[in-house]
Amino acid sequence: MTSFPSTMQVAPLTVRDIVHHAERVYSDRRIFTVEADGVREATFAEVISRARRLATALENLGVTRGERVATLMWNNQEHLEAYVAVPTMGAVLHTLNLRLFPDQLAYVINDADDAVIIADASVLGLIARIRDRISPRHLIVRGTPEDSYGLEFLDYEELLATVDNDDYSWPDLDENTPAIACYTSGTTGDPKGVVYSHRSLWLHSLAIQTQNSIALGESDRALLVVPMFHVNAWGMPYGGLWCGADLVMPQMFLKGEHLASTIQQLRPTLALGVPTIWMDLLRAATTGEYDLSSLRVLVAGGAAVPATLIRAYRDQLGLTVLQGWGMTETSPLVAVAVPPIGAEGEDEITYRAKTGRLVAGVEIRVVNEEGEVLPHDGKSVGELELRGPWIAASYIKGREPDSFHDGWLRTGDIGTVDARGFIVISDRRKDVIKSGGEWISSVELENLVMGHPSVHQAAVIAVPHERWQERPLCLVVLREGEDLDVEDLRRHLAPHVASWWIPEFWATLPEMPLTSVGKFDKRELRRRHGEGEIEVVSV
Ligand code: ADP
(Lines give C-alpha, C1' and ligand atoms only; values in the text may rest on other atoms or scores of the structure.)
Protein backbone atom coordinates (compact mmCIF):
# COMPACT_ATOMS: atom_id res chain seq x y z
CA MET A 1 0.00 0.00 0.00
CA THR A 2 1.32 3.43 -0.89
CA SER A 3 0.83 6.13 1.68
CA PHE A 4 0.92 9.84 1.06
CA PRO A 5 2.11 12.53 3.37
CA SER A 6 -0.21 15.53 3.56
CA THR A 7 0.47 17.91 0.70
CA MET A 8 -0.71 20.97 2.57
CA GLN A 9 1.39 23.95 3.63
CA VAL A 10 2.39 24.23 7.25
CA ALA A 11 1.42 27.74 8.25
CA PRO A 12 1.91 28.85 11.86
CA LEU A 13 -1.31 30.21 13.36
CA THR A 14 -0.31 33.58 14.79
CA VAL A 15 -1.99 36.87 15.70
CA ARG A 16 -0.04 38.50 12.87
CA ASP A 17 -2.43 36.79 10.41
CA ILE A 18 -5.34 38.58 12.07
CA VAL A 19 -3.57 41.93 11.99
CA HIS A 20 -2.53 41.55 8.35
CA HIS A 21 -6.01 40.52 7.28
CA ALA A 22 -7.62 43.41 9.15
CA GLU A 23 -5.20 45.80 7.50
CA ARG A 24 -5.48 44.43 3.97
CA VAL A 25 -9.18 43.61 3.82
CA TYR A 26 -11.03 45.73 6.38
CA SER A 27 -8.80 48.77 6.75
CA ASP A 28 -11.72 51.23 6.71
CA ARG A 29 -13.78 49.48 9.43
CA ARG A 30 -13.90 51.44 12.66
CA ILE A 31 -13.33 51.58 16.40
CA PHE A 32 -15.51 53.95 18.42
CA THR A 33 -14.42 55.04 21.89
CA VAL A 34 -16.99 56.67 24.15
CA GLU A 35 -15.61 59.70 26.01
CA ALA A 36 -17.25 62.05 28.53
CA ASP A 37 -17.64 64.68 25.83
CA GLY A 38 -18.44 62.60 22.75
CA VAL A 39 -17.20 59.69 20.68
CA ARG A 40 -13.72 59.21 19.18
CA GLU A 41 -13.36 57.25 15.98
CA ALA A 42 -10.47 55.53 14.22
CA THR A 43 -10.20 53.10 11.33
CA PHE A 44 -8.60 49.66 11.65
CA ALA A 45 -5.78 51.01 9.45
CA GLU A 46 -5.14 53.88 11.88
CA VAL A 47 -5.21 51.57 14.91
CA ILE A 48 -2.76 49.14 13.33
CA SER A 49 -0.48 51.94 12.17
CA ARG A 50 -0.39 53.30 15.72
CA ALA A 51 0.19 49.76 17.03
CA ARG A 52 3.30 49.50 14.84
CA ARG A 53 4.59 52.71 16.43
CA LEU A 54 3.78 51.32 19.85
CA ALA A 55 5.70 48.12 19.07
CA THR A 56 8.74 50.15 17.97
CA ALA A 57 8.49 52.36 21.06
CA LEU A 58 8.26 49.35 23.36
CA GLU A 59 11.30 47.78 21.71
CA ASN A 60 13.14 51.09 22.14
CA LEU A 61 12.28 50.88 25.84
CA GLY A 62 13.97 47.50 25.90
CA VAL A 63 10.97 45.19 25.87
CA THR A 64 12.12 41.81 24.63
CA ARG A 65 10.36 38.70 23.35
CA GLY A 66 8.35 36.91 26.00
CA GLU A 67 8.39 39.86 28.43
CA ARG A 68 5.11 40.96 29.91
CA VAL A 69 3.53 44.28 29.01
CA ALA A 70 0.49 44.84 31.21
CA THR A 71 -2.55 47.01 30.55
CA LEU A 72 -4.68 48.59 33.28
CA MET A 73 -7.24 50.09 30.96
CA TRP A 74 -10.89 50.47 30.16
CA ASN A 75 -12.20 49.28 26.81
CA ASN A 76 -10.84 51.88 24.42
CA GLN A 77 -8.90 52.34 21.21
CA GLU A 78 -5.50 52.40 22.89
CA HIS A 79 -6.25 49.15 24.67
CA LEU A 80 -6.89 47.62 21.25
CA GLU A 81 -3.59 49.08 20.05
CA ALA A 82 -1.85 47.18 22.85
CA TYR A 83 -3.76 44.02 21.86
CA VAL A 84 -2.37 44.40 18.35
CA ALA A 85 1.17 45.48 19.19
CA VAL A 86 2.25 43.43 22.19
CA PRO A 87 1.59 39.79 21.18
CA THR A 88 2.40 40.44 17.52
CA MET A 89 5.86 41.78 18.43
CA GLY A 90 6.45 38.60 20.42
CA ALA A 91 5.91 39.99 23.93
CA VAL A 92 3.07 38.91 26.24
CA LEU A 93 0.10 41.16 26.94
CA HIS A 94 -1.12 40.92 30.53
CA THR A 95 -4.61 42.40 30.85
CA LEU A 96 -5.02 43.62 34.44
CA ASN A 97 -8.45 43.77 36.08
CA LEU A 98 -8.90 47.36 37.23
CA ARG A 99 -11.55 46.32 39.75
CA LEU A 100 -9.26 44.04 41.75
CA PHE A 101 -8.49 44.98 45.33
CA PRO A 102 -5.03 46.62 45.53
CA ASP A 103 -3.55 43.54 47.24
CA GLN A 104 -4.72 41.24 44.48
CA LEU A 105 -3.58 43.67 41.80
CA ALA A 106 -0.09 43.85 43.28
CA TYR A 107 -0.10 40.07 43.54
CA VAL A 108 -0.89 39.47 39.86
CA ILE A 109 1.55 42.14 38.63
CA ASN A 110 4.33 40.53 40.65
CA ASP A 111 3.28 37.01 39.80
CA ALA A 112 3.42 37.81 36.08
CA ASP A 113 6.58 39.90 36.59
CA ASP A 114 5.25 42.71 34.39
CA ALA A 115 8.04 44.77 32.81
CA VAL A 116 5.83 47.62 31.59
CA ILE A 117 2.38 48.80 32.60
CA ILE A 118 0.20 50.88 30.29
CA ALA A 119 -2.51 52.54 32.37
CA ASP A 120 -5.43 54.85 31.71
CA ALA A 121 -5.00 58.20 33.46
CA SER A 122 -8.23 57.64 35.39
CA VAL A 123 -6.79 54.61 37.23
CA LEU A 124 -3.44 56.08 38.16
CA GLY A 125 -4.58 56.38 41.78
CA LEU A 126 -4.81 52.60 41.92
CA ILE A 127 -1.20 52.24 40.76
CA ALA A 128 -0.13 54.85 43.31
CA ARG A 129 -1.58 52.70 46.09
CA ILE A 130 0.60 49.71 45.17
CA ARG A 131 3.62 51.52 43.70
CA ASP A 132 6.01 50.52 46.48
CA ARG A 133 5.07 46.88 46.13
CA ILE A 134 5.57 46.47 42.35
CA SER A 135 8.58 47.00 40.12
CA PRO A 136 7.78 47.48 36.45
CA ARG A 137 10.63 49.16 34.54
CA HIS A 138 8.24 51.62 32.92
CA LEU A 139 4.81 53.06 33.51
CA ILE A 140 3.04 54.52 30.46
CA VAL A 141 -0.06 56.64 30.96
CA ARG A 142 -2.78 57.26 28.39
CA GLY A 143 -4.57 60.57 28.86
CA THR A 144 -3.92 63.36 31.33
CA PRO A 145 -4.30 62.39 34.98
CA GLU A 146 -5.89 64.84 37.41
CA ASP A 147 -3.13 64.05 39.86
CA SER A 148 0.21 62.39 39.13
CA TYR A 149 0.53 61.08 42.72
CA GLY A 150 4.26 61.75 42.50
CA LEU A 151 4.64 58.88 40.04
CA GLU A 152 7.14 58.89 37.21
CA PHE A 153 5.60 57.90 33.92
CA LEU A 154 5.77 58.27 30.15
CA ASP A 155 2.90 59.81 28.25
CA TYR A 156 1.37 57.37 25.73
CA GLU A 157 0.98 59.91 22.91
CA GLU A 158 4.42 61.41 23.47
CA LEU A 159 5.88 57.93 23.36
CA LEU A 160 4.18 57.18 20.04
CA ALA A 161 5.37 60.54 18.72
CA THR A 162 9.00 59.50 19.32
CA VAL A 163 8.58 57.01 16.47
CA ASP A 164 8.49 58.78 13.13
CA ASN A 165 7.33 55.90 10.95
CA ASP A 166 5.01 52.93 11.01
CA ASP A 167 7.18 50.49 9.05
CA TYR A 168 7.66 48.12 11.96
CA SER A 169 7.56 44.66 10.52
CA TRP A 170 6.02 42.01 12.74
CA PRO A 171 8.39 39.08 13.38
CA ASP A 172 7.87 35.43 12.45
CA LEU A 173 6.77 33.58 15.56
CA ASP A 174 6.09 30.00 16.43
CA GLU A 175 2.36 29.43 16.85
CA ASN A 176 2.83 28.18 20.41
CA THR A 177 4.49 31.42 21.51
CA PRO A 178 2.75 32.87 24.61
CA ALA A 179 0.57 35.85 23.61
CA ILE A 180 -1.78 36.98 26.39
CA ALA A 181 -1.74 36.29 30.13
CA CYS A 182 -5.02 36.51 31.98
CA TYR A 183 -5.87 35.80 35.61
CA THR A 184 -9.23 34.54 36.83
CA SER A 185 -11.25 37.16 38.65
CA GLY A 186 -10.84 35.26 41.90
CA THR A 187 -14.53 34.55 42.52
CA THR A 188 -13.55 31.32 44.18
CA GLY A 189 -10.03 31.97 45.52
CA ASP A 190 -6.76 33.72 44.70
CA PRO A 191 -6.48 34.72 41.04
CA LYS A 192 -4.84 32.03 38.93
CA GLY A 193 -3.22 32.84 35.63
CA VAL A 194 -3.41 31.22 32.22
CA VAL A 195 -1.43 32.15 29.11
CA TYR A 196 -3.11 31.99 25.74
CA SER A 197 -0.88 31.09 22.80
CA HIS A 198 -0.99 32.60 19.32
CA ARG A 199 -2.42 29.33 18.11
CA SER A 200 -5.19 29.19 20.72
CA LEU A 201 -6.17 32.82 20.06
CA TRP A 202 -6.19 32.25 16.30
CA LEU A 203 -8.49 29.26 16.55
CA HIS A 204 -10.75 30.89 19.14
CA SER A 205 -11.05 34.04 17.02
CA LEU A 206 -12.34 31.94 14.12
CA ALA A 207 -14.70 29.98 16.35
CA ILE A 208 -16.62 33.10 17.45
CA GLN A 209 -17.29 33.87 13.78
CA THR A 210 -19.12 30.59 13.17
CA GLN A 211 -22.87 30.63 12.78
CA ASN A 212 -23.57 28.17 15.60
CA SER A 213 -21.73 30.38 18.07
CA ILE A 214 -21.86 34.18 17.88
CA ALA A 215 -21.74 34.45 14.06
CA LEU A 216 -19.61 37.60 14.19
CA GLY A 217 -19.15 39.11 10.73
CA GLU A 218 -18.60 42.25 8.72
CA SER A 219 -22.25 43.24 9.01
CA ASP A 220 -21.76 43.52 12.78
CA ARG A 221 -20.87 46.37 15.04
CA ALA A 222 -20.07 44.95 18.48
CA LEU A 223 -20.49 46.87 21.73
CA LEU A 224 -17.92 45.46 24.16
CA VAL A 225 -19.40 45.95 27.59
CA VAL A 226 -17.44 42.97 28.85
CA PRO A 227 -14.05 44.38 29.84
CA MET A 228 -10.99 43.62 27.75
CA PHE A 229 -9.42 42.27 30.96
CA HIS A 230 -12.25 39.73 31.37
CA VAL A 231 -11.04 36.86 29.18
CA ASN A 232 -10.07 39.14 26.24
CA ALA A 233 -13.59 40.62 26.10
CA TRP A 234 -14.66 37.10 25.09
CA GLY A 235 -12.50 37.15 21.98
CA MET A 236 -14.08 40.23 20.38
CA PRO A 237 -10.94 42.34 19.81
CA TYR A 238 -9.28 39.80 17.51
CA GLY A 239 -12.56 38.37 16.23
CA GLY A 240 -13.74 41.84 15.21
CA LEU A 241 -10.47 42.79 13.53
CA TRP A 242 -10.40 39.53 11.64
CA CYS A 243 -13.90 39.64 10.20
CA GLY A 244 -14.24 43.40 9.83
CA ALA A 245 -16.81 43.99 12.57
CA ASP A 246 -16.77 47.54 13.95
CA LEU A 247 -16.02 47.71 17.67
CA VAL A 248 -17.65 50.09 20.14
CA MET A 249 -15.67 50.69 23.32
CA PRO A 250 -17.72 52.19 26.17
CA GLN A 251 -14.84 52.80 28.63
CA MET A 252 -16.28 53.50 32.12
CA PHE A 253 -19.71 54.57 30.87
CA LEU A 254 -21.45 51.36 31.81
CA LYS A 255 -24.65 52.35 33.61
CA GLY A 256 -27.88 51.28 31.95
CA GLU A 257 -28.81 54.79 30.78
CA HIS A 258 -25.38 55.42 29.34
CA LEU A 259 -25.31 52.11 27.50
CA ALA A 260 -28.82 52.70 26.17
CA SER A 261 -27.85 56.08 24.77
CA THR A 262 -24.61 54.65 23.30
CA ILE A 263 -26.68 51.94 21.58
CA GLN A 264 -29.15 54.52 20.28
CA GLN A 265 -26.36 56.72 18.98
CA LEU A 266 -23.87 54.20 17.55
CA ARG A 267 -26.36 51.46 16.57
CA PRO A 268 -24.37 48.30 17.37
CA THR A 269 -25.79 44.98 16.14
CA LEU A 270 -24.60 43.01 19.12
CA ALA A 271 -23.52 43.77 22.66
CA LEU A 272 -21.72 41.51 25.10
CA GLY A 273 -21.76 41.54 28.89
CA VAL A 274 -22.59 39.72 32.14
CA PRO A 275 -26.26 39.31 33.12
CA THR A 276 -26.14 42.03 35.82
CA ILE A 277 -25.33 44.57 33.07
CA TRP A 278 -28.35 43.47 31.05
CA MET A 279 -30.58 43.65 34.14
CA ASP A 280 -29.54 47.27 34.51
CA LEU A 281 -29.96 48.05 30.79
CA LEU A 282 -33.46 46.54 30.88
CA ARG A 283 -34.40 48.80 33.79
CA ALA A 284 -33.15 51.84 31.87
CA ALA A 285 -34.60 50.82 28.51
CA THR A 286 -38.13 49.94 29.58
CA THR A 287 -38.80 53.64 30.08
CA GLY A 288 -39.17 53.62 26.28
CA GLU A 289 -36.85 56.61 25.84
CA TYR A 290 -34.25 54.73 23.84
CA ASP A 291 -34.16 53.07 20.47
CA LEU A 292 -32.29 49.77 20.80
CA SER A 293 -33.62 48.28 17.58
CA SER A 294 -30.18 48.04 15.93
CA LEU A 295 -29.33 45.05 18.17
CA ARG A 296 -29.68 41.63 16.60
CA VAL A 297 -28.53 40.00 19.82
CA LEU A 298 -27.41 40.63 23.40
CA VAL A 299 -24.73 38.11 24.33
CA ALA A 300 -24.80 37.26 28.05
CA GLY A 301 -22.32 35.04 29.84
CA GLY A 302 -20.09 34.72 32.87
CA ALA A 303 -23.02 33.69 35.08
CA ALA A 304 -26.38 31.99 34.59
CA VAL A 305 -28.91 34.06 32.67
CA PRO A 306 -32.40 33.88 34.22
CA ALA A 307 -35.21 32.85 31.85
CA THR A 308 -37.21 35.87 33.07
CA LEU A 309 -34.52 38.22 31.79
CA ILE A 310 -34.55 36.53 28.37
CA ARG A 311 -38.34 36.68 28.29
CA ALA A 312 -38.47 40.32 29.44
CA TYR A 313 -36.13 41.40 26.63
CA ARG A 314 -38.21 39.52 24.09
CA ASP A 315 -41.60 40.74 25.32
CA GLN A 316 -40.78 44.30 26.36
CA LEU A 317 -38.14 45.28 23.83
CA GLY A 318 -38.35 42.69 21.04
CA LEU A 319 -34.69 41.77 21.63
CA THR A 320 -32.94 38.39 21.60
CA VAL A 321 -30.63 37.29 24.40
CA LEU A 322 -27.96 34.72 23.59
CA GLN A 323 -26.42 32.94 26.58
CA GLY A 324 -22.88 31.63 26.51
CA TRP A 325 -20.71 29.66 28.89
CA GLY A 326 -17.00 30.08 29.29
CA MET A 327 -14.15 30.57 31.71
CA THR A 328 -10.79 32.31 31.80
CA GLU A 329 -9.31 28.83 31.37
CA THR A 330 -11.27 28.27 28.14
CA SER A 331 -10.47 31.49 26.21
CA PRO A 332 -13.60 31.61 26.96
CA LEU A 333 -15.92 30.15 24.30
CA VAL A 334 -17.27 26.70 25.18
CA ALA A 335 -21.01 26.74 24.60
CA VAL A 336 -23.62 29.10 23.18
CA ALA A 337 -27.35 28.58 23.70
CA VAL A 338 -28.43 28.82 20.07
CA PRO A 339 -31.81 27.02 20.03
CA PRO A 340 -32.07 24.03 17.70
CA ILE A 341 -34.01 24.59 14.49
CA GLY A 342 -37.73 24.45 14.96
CA ALA A 343 -37.71 25.67 18.58
CA GLU A 344 -40.28 28.44 18.89
CA GLY A 345 -42.21 30.32 21.56
CA GLU A 346 -41.70 28.98 25.10
CA ASP A 347 -39.61 26.13 23.72
CA GLU A 348 -37.17 28.67 22.34
CA ILE A 349 -36.94 30.42 25.73
CA THR A 350 -36.31 27.05 27.41
CA TYR A 351 -33.32 26.47 25.14
CA ARG A 352 -32.02 30.02 25.50
CA ALA A 353 -32.16 29.65 29.29
CA LYS A 354 -29.90 26.59 29.16
CA THR A 355 -26.21 27.27 29.75
CA GLY A 356 -25.31 26.63 26.13
CA ARG A 357 -24.75 24.18 23.32
CA LEU A 358 -21.23 22.89 22.86
CA VAL A 359 -19.41 24.67 20.03
CA ALA A 360 -17.33 22.92 17.39
CA GLY A 361 -13.74 22.47 18.52
CA VAL A 362 -14.37 21.71 22.19
CA GLU A 363 -15.03 18.31 23.78
CA ILE A 364 -16.93 17.84 27.02
CA ARG A 365 -17.50 15.01 29.48
CA VAL A 366 -19.46 14.62 32.70
CA VAL A 367 -17.61 12.93 35.55
CA ASN A 368 -18.98 11.85 38.94
CA GLU A 369 -17.21 11.96 42.30
CA GLU A 370 -15.90 8.43 41.76
CA GLY A 371 -14.27 9.47 38.49
CA GLU A 372 -16.77 7.64 36.27
CA VAL A 373 -17.70 9.22 32.95
CA LEU A 374 -21.49 9.67 32.83
CA PRO A 375 -23.80 9.58 29.79
CA HIS A 376 -24.92 12.69 27.92
CA ASP A 377 -28.57 12.12 28.76
CA GLY A 378 -29.53 15.51 30.17
CA LYS A 379 -30.02 13.89 33.59
CA SER A 380 -26.71 12.52 34.90
CA VAL A 381 -25.12 15.22 37.05
CA GLY A 382 -21.37 15.54 37.52
CA GLU A 383 -18.41 17.83 37.10
CA LEU A 384 -17.97 19.11 33.54
CA GLU A 385 -14.55 18.52 32.01
CA LEU A 386 -13.24 20.06 28.81
CA ARG A 387 -10.59 19.45 26.21
CA GLY A 388 -9.64 21.29 23.04
CA PRO A 389 -7.11 23.59 21.36
CA TRP A 390 -8.21 26.73 23.26
CA ILE A 391 -8.64 25.04 26.66
CA ALA A 392 -5.88 25.53 29.29
CA ALA A 393 -3.60 22.59 30.04
CA SER A 394 -2.15 24.18 33.19
CA TYR A 395 -2.00 27.37 35.24
CA ILE A 396 0.96 29.75 35.32
CA LYS A 397 3.74 28.27 37.48
CA GLY A 398 1.91 24.93 37.58
CA ARG A 399 -0.49 26.09 40.29
CA GLU A 400 -3.44 23.92 41.27
CA PRO A 401 -2.35 20.89 39.25
CA ASP A 402 -5.43 18.99 40.44
CA SER A 403 -7.56 21.06 38.07
CA PHE A 404 -6.12 19.10 35.16
CA HIS A 405 -6.05 15.33 34.61
CA ASP A 406 -5.72 12.92 31.65
CA GLY A 407 -5.54 15.91 29.30
CA TRP A 408 -8.86 17.34 30.55
CA LEU A 409 -9.62 20.57 32.42
CA ARG A 410 -11.80 20.11 35.49
CA THR A 411 -14.05 23.15 35.26
CA GLY A 412 -15.37 23.09 38.82
CA ASP A 413 -18.82 23.48 37.27
CA ILE A 414 -21.43 20.86 38.05
CA GLY A 415 -24.15 20.05 35.54
CA THR A 416 -25.57 17.89 32.78
CA VAL A 417 -25.10 17.50 29.04
CA ASP A 418 -27.83 16.15 26.75
CA ALA A 419 -27.65 14.13 23.56
CA ARG A 420 -27.65 17.30 21.43
CA GLY A 421 -24.81 18.93 23.33
CA PHE A 422 -26.94 21.28 25.46
CA ILE A 423 -25.27 21.91 28.79
CA VAL A 424 -27.01 22.96 31.98
CA ILE A 425 -24.84 24.11 34.88
CA SER A 426 -26.53 23.63 38.23
CA ASP A 427 -23.72 24.97 40.38
CA ARG A 428 -20.09 25.72 40.86
CA ARG A 429 -18.45 23.06 42.99
CA LYS A 430 -17.73 25.65 45.69
CA ASP A 431 -21.33 26.89 45.72
CA VAL A 432 -22.99 23.48 45.86
CA ILE A 433 -25.64 22.93 48.55
CA LYS A 434 -25.73 19.41 49.93
CA SER A 435 -28.85 18.81 51.98
CA GLY A 436 -29.19 15.36 53.56
CA GLY A 437 -26.60 14.05 51.09
CA GLU A 438 -28.49 15.34 48.01
CA TRP A 439 -27.65 18.31 45.81
CA ILE A 440 -29.85 21.35 45.58
CA SER A 441 -29.10 23.59 42.60
CA SER A 442 -28.55 27.16 43.73
CA VAL A 443 -28.60 28.33 40.10
CA GLU A 444 -32.02 26.82 39.46
CA LEU A 445 -33.48 28.26 42.67
CA GLU A 446 -32.07 31.70 41.86
CA ASN A 447 -33.53 31.66 38.37
CA LEU A 448 -36.93 30.67 39.67
CA VAL A 449 -36.95 33.24 42.46
CA MET A 450 -35.90 35.94 39.97
CA GLY A 451 -39.06 35.01 38.05
CA HIS A 452 -41.22 36.33 40.93
CA PRO A 453 -42.54 39.81 40.18
CA SER A 454 -41.39 41.29 43.50
CA VAL A 455 -37.77 40.17 43.05
CA HIS A 456 -35.02 42.03 41.22
CA GLN A 457 -32.08 39.76 42.02
CA ALA A 458 -31.60 36.57 44.05
CA ALA A 459 -28.62 34.56 45.27
CA VAL A 460 -28.81 31.25 47.10
CA ILE A 461 -26.01 30.05 49.37
CA ALA A 462 -25.55 27.00 51.59
CA VAL A 463 -25.80 27.55 55.34
CA PRO A 464 -24.84 24.91 57.92
CA HIS A 465 -27.73 22.93 59.36
CA GLU A 466 -27.74 20.52 62.29
CA ARG A 467 -30.04 17.93 60.78
CA TRP A 468 -29.45 18.26 57.01
CA GLN A 469 -25.77 19.40 57.13
CA GLU A 470 -26.64 22.26 54.78
CA ARG A 471 -29.75 24.13 53.75
CA PRO A 472 -30.27 26.89 51.17
CA LEU A 473 -30.51 30.51 52.28
CA CYS A 474 -32.09 32.73 49.65
CA LEU A 475 -31.00 36.38 49.63
CA VAL A 476 -33.11 38.71 47.54
CA VAL A 477 -32.93 42.28 46.34
CA LEU A 478 -36.57 43.36 46.05
CA ARG A 479 -37.97 45.64 43.37
CA GLU A 480 -38.76 49.16 44.52
CA GLY A 481 -41.80 49.37 46.81
CA GLU A 482 -42.04 45.57 47.34
CA ASP A 483 -41.97 43.74 50.68
CA LEU A 484 -40.56 40.33 51.45
CA ASP A 485 -43.42 37.82 51.44
CA VAL A 486 -41.71 34.51 52.18
CA GLU A 487 -44.86 32.40 51.95
CA ASP A 488 -45.68 33.82 48.55
CA LEU A 489 -42.14 33.16 47.31
CA ARG A 490 -42.29 29.58 48.61
CA ARG A 491 -45.64 29.07 46.85
CA HIS A 492 -44.06 30.43 43.68
CA LEU A 493 -41.33 27.77 43.87
CA ALA A 494 -43.58 24.84 44.83
CA PRO A 495 -44.75 23.75 41.33
CA HIS A 496 -41.20 23.77 39.96
CA VAL A 497 -38.95 21.95 42.46
CA ALA A 498 -39.03 19.12 44.99
CA SER A 499 -40.48 20.32 48.28
CA TRP A 500 -37.21 19.72 50.16
CA TRP A 501 -35.44 22.17 47.80
CA ILE A 502 -37.62 25.08 48.90
CA PRO A 503 -35.60 27.34 51.20
CA GLU A 504 -36.90 27.97 54.70
CA PHE A 505 -34.26 30.67 55.26
CA TRP A 506 -34.67 34.05 53.56
CA ALA A 507 -33.17 37.50 53.79
CA THR A 508 -33.31 40.78 51.92
CA LEU A 509 -30.33 42.80 50.77
CA PRO A 510 -30.36 46.50 49.90
CA GLU A 511 -28.14 45.63 46.94
CA MET A 512 -26.32 42.61 45.62
CA PRO A 513 -22.55 42.52 46.25
CA LEU A 514 -20.79 41.96 42.92
CA THR A 515 -17.39 40.56 42.02
CA SER A 516 -14.81 42.50 40.05
CA VAL A 517 -16.41 41.30 36.82
CA GLY A 518 -19.99 41.93 37.90
CA LYS A 519 -21.15 38.50 39.09
CA PHE A 520 -23.14 37.91 42.30
CA ASP A 521 -20.44 37.61 44.96
CA LYS A 522 -21.38 34.50 46.91
CA ARG A 523 -18.10 34.42 48.80
CA GLU A 524 -18.94 37.83 50.24
CA LEU A 525 -22.48 36.70 51.04
CA ARG A 526 -21.14 33.64 52.88
CA ARG A 527 -18.77 35.90 54.81
CA ARG A 528 -21.56 38.30 55.81
CA HIS A 529 -23.75 35.42 56.86
CA GLY A 530 -20.90 33.75 58.78
CA GLU A 531 -20.22 36.97 60.67
CA GLY A 532 -23.86 37.42 61.57
CA GLU A 533 -24.32 40.53 59.42
CA ILE A 534 -27.42 39.19 57.69
CA GLU A 535 -30.80 39.15 59.35
CA VAL A 536 -32.39 35.84 58.41
CA VAL A 537 -36.14 35.18 58.39
CA SER A 538 -36.96 31.50 58.87
CA VAL A 539 -40.24 29.69 58.46
P1 ADP B 1 -14.00 33.53 37.88
O2 ADP B 1 -13.72 32.04 37.85
O3 ADP B 1 -13.02 34.28 38.64
O4 ADP B 1 -15.44 33.88 38.18
P5 ADP B 1 -14.41 33.44 35.07
O6 ADP B 1 -14.98 34.58 34.37
O7 ADP B 1 -13.36 32.66 34.40
O8 ADP B 1 -13.83 34.00 36.39
O9 ADP B 1 -15.60 32.50 35.51
C10 ADP B 1 -15.95 31.31 34.88
C11 ADP B 1 -17.13 30.70 35.58
O12 ADP B 1 -18.30 31.51 35.40
C13 ADP B 1 -17.53 29.35 35.03
O14 ADP B 1 -16.73 28.33 35.56
C15 ADP B 1 -18.97 29.25 35.49
O16 ADP B 1 -19.07 28.82 36.82
C17 ADP B 1 -19.44 30.66 35.42
N18 ADP B 1 -20.24 30.86 34.20
C19 ADP B 1 -19.86 31.44 33.05
N20 ADP B 1 -20.87 31.46 32.16
C21 ADP B 1 -21.94 30.88 32.76
C22 ADP B 1 -23.29 30.57 32.37
N23 ADP B 1 -23.78 30.91 31.18
N24 ADP B 1 -24.09 29.96 33.28
C25 ADP B 1 -23.62 29.62 34.50
N26 ADP B 1 -22.37 29.87 34.93
C27 ADP B 1 -21.54 30.48 34.07
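**Sheet pairing and helix packing in the predicted model**

Strand β3 (residues 68–72) and strand β5 (residues 114–120) run parallel and are joined by five bridges. The model described here is predicted. Within this pair of strands, Thr 71 has Ile 118 of β5 as its bridge partner, and Leu 72 is bridged to Ala 119, also in β5. β5 is mostly covered, with seven of its seven residues buried.

β5 also pairs with strand β6 (residues 138–142); these two strands run parallel and are joined by five bridges. Here the bridge partner of Ile 117 is Leu 139 in β6. Between the two strands the chain passes through helix α5 (residues 124–130), and the resulting β-α-β crossover from β5 to β6 is right-handed.

These strands belong to an open sheet of seven strands with mixed pairing, in the order β7-β6-β5-β3-β4-β8-β9. Its edges are formed by β7 (154–155) and β9 (193–197), each of which pairs on one side only. Helix α7 (residues 198–207) packs on the sheet, where it touches β8 (178–183) and β9. The direction of α7 makes about 75 degrees with that of β9.

Helix α7 is itself mostly covered, as eight of its ten residues are buried. The buried residues are His 198, Ser 200, Leu 201, Trp 202, Leu 203, His 204, Ser 205 and Ala 207.

β8, one of the two strands touched by α7, has five of its six residues buried and is therefore largely enclosed by the rest of the structure. Strand β4 (residues 92–95) pairs with β8 in the parallel sense over two bridges, and His 94 stands opposite Ala 181 in β8. The pairing of β8 with β9 is antiparallel and extends over five bridges. In this pairing, Cys 182 stands opposite Val 194 of β9.

A further packing arrangement involves helix α3 (residues 77–88) and helix α9 (residues 236–243). The axes of α3 and α9 come within 10 Å and cross at roughly 85 degrees. Because angles of 65 to 115 degrees count as roughly perpendicular, α3 and α9 are roughly perpendicular to each other. On the α3 side, the contact is made by Leu 80, Tyr 83, Val 84 and Pro 87, which meet Pro 237, Tyr 238 and Leu 241 in α9. By class, the residues of this contact between α3 and α9 comprise seven nonpolar, no polar and no charged.

Beyond the sheet and helices, one loop residue was examined. Met 327 is located in the loop that lies between β14 (321–326) and β15 (333–336). Its relative accessible area is 11%; since residues under 20% count as buried, Met 327 is buried. Not counting residues up to four places away in sequence, Met 327 touches Val 231, Pro 332, Leu 409 and Thr 411. Of these contacts, Val 231 is separated from Met 327 by 96 residues in sequence, while the C-alpha to C-alpha distance between the two is 7.5 Å.

How values were computed:
Residues numbered from 1 in each chain as written. Predicted model: local features only at pLDDT ≥ 70, side-chain atom pairs only at ≥ 80, totals over all residues. Heavy atoms only, no water. Pairing = 2+ DSSP bridges. Helix = DSSP H or I, 4+ residues; strand = E, 2+ residues; numbered from the N terminus. Contact = heavy atoms within 4.5 Å. Axes fitted to C-alpha atoms, helices over the stretch in contact; angles between N-to-C directions. Parallel < 35°, antiparallel > 145°, perpendicular 65-115°, else oblique. Nonpolar A, V, L, I, M, F, W, Y, C, P; charged D, E, K, R; others polar. Buried < 20%, exposed > 50% of the residue type's maximum accessible area, 1.4 Å probe, protein only. Right-handed = clockwise from strand over helix to strand, strands pointing away.
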